[in-house]
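Student: I am new to this structure. Could you show it to me and take my questions on the terms used for it?

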Amino acid sequence: ADRALYTAKLTGRDRCVLDDLDNVDLTRDLARALAAGEVRAWLQPIVSPQDGSVSGWEALARWEHPTRGPVPPNRFIPLAESTGLIHELGSAILADACRAANQIRLAWRREFLLTVNVSGRQLTAPGYAEGLFEILRETGFPADLLVVEVTESLLDGTSLEALRALEALRRRGVCVAIDDFGTGYSAFSRLDVLPADYLKLDQEFIAGITTSPRRAAMLQALLQLAHALGIAVIAEGVETREQGDMLAGFGCPLVQGYHFGRPVDPADVLDQGPKASDA
Ligand code: C2E
Ligand code: CA
Ligand code: CA
Ligand code: CA
């Protein structure tokens, strides 16, 4: 609290210096936390909007800091990217998520997709694909149930390494999802050449579908286009029943959002067991 008061009195440049110092602290802590297994994969269900049954899980990184409490991914992921810790973090999350998803498969006697977020810096690092398959071997999670989520900007054609890395994964059965589609300038015109099996429609795109008829028309057209191209759509950030009903009515195959389920500790998924629709 003292520090907050003190920070409030500082002006621009000084405050930047304080932020830098805090980033140095947090980076050192993140390295320690990774070594200690403090950064974990939580899972958010990806469900069918028709009946709410679970088809997969998205792995989302969670860091419960011993003194700071939970640190949000939007804080520590960019830090991990800028310091190079993202490689270690990515491996830790992938391994943790594969182990958890395997336990759920066994307990529920059902198959699921597992999606993991991969940043550009990870994907283009030498040996990325080998490291990923090594983790799949170690954990026993099947390659053809794994989906890597990448953002569209990575695939703008300028990074040949990124495209090559994705093709190496796809050749061996791993699927690719384009994350955050519908934000910024999304390239509808390049959907036919993107190495994509799934398209994740961003929350920003979904937010207006029940209030704006024009937005709803875009959604419907996009679903038809993706279907014609053999790309499965996952609508993200679905927060209301009305949105879920509209997506089901339009034939959207998969949805994700607080209305259907929040990210949870995998231990709680195992404790609670499947819902009736998943049994
Ligand atoms: P993202 O990949 O777009 O993940 C979706 C975010 O939306 C998650 O935030 C999730 O908790 C949140 N969310 C899900 N449903 C709803 C909803 O109905 N309403 C609202 N308002 N939010 C919803 P989270 O977990 O804080 O993660 C933020 C971002 O951090 C992710 O965005 C992703 O870009 C990044 N991230 C998280 N885990 C990892 C990771 O393991 N590796 C990498 N490279 N990035 C990660
Ligand atoms: Ca994602
Ligand atoms: Ca997303
Ligand atoms: Ca996002």
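Student: Why is Asn-117 called partly exposed?
Tutor: Buried means under 20% relative accessible area, exposed over 50%, and partly exposed in between (1.4 Å probe, protein chains only). Asn-117 has 34% relative accessibility, so Asn-117 counts as partly exposed. This is a predicted model: local features need pLDDT of at least 70, side-chain atom pairs count only at pLDDT 80 or more, and totals for chains, interfaces and linings use all residues. Residues are numbered from 1 along each chain as its sequence is written, chains are lettered from A and ligands numbered from 1 in the order written, and side-chain values use heavy atoms, without hydrogens and water.

Student: Is Asp-179 buried or exposed?
Tutor: Asp-179 has a relative accessible area of 8%, so Asp-179 is buried.

Student: What makes Asn-117 and Asp-179 donors to the calcium ion (ligand 2)?
Tutor: Donors are N, O and S atoms within 2.8 Å of the metal (3.2 Å for Na, K and Ca); water is not among the atoms, so sites may look incomplete. Glu-58 (OE), Asn-117 (OD1), Glu-149 (OE) and Asp-179 (OD) coordinate this ion at 2.1 to 2.3 Å. Asp-179 also bridges to the calcium ion (ligand 3); the two ions lie 3.8 Å apart.

Student: How do you know that the charged end of Arg-172 sits over the ring of Phe-133?
Tutor: The rule asks for NZ of Lys or CZ of Arg within 6 Å of the ring centre and within 35 degrees of the ring normal. The charged end of Arg-172 is 3.7 Å from the centre of the Phe-133 ring, and sits over that ring.
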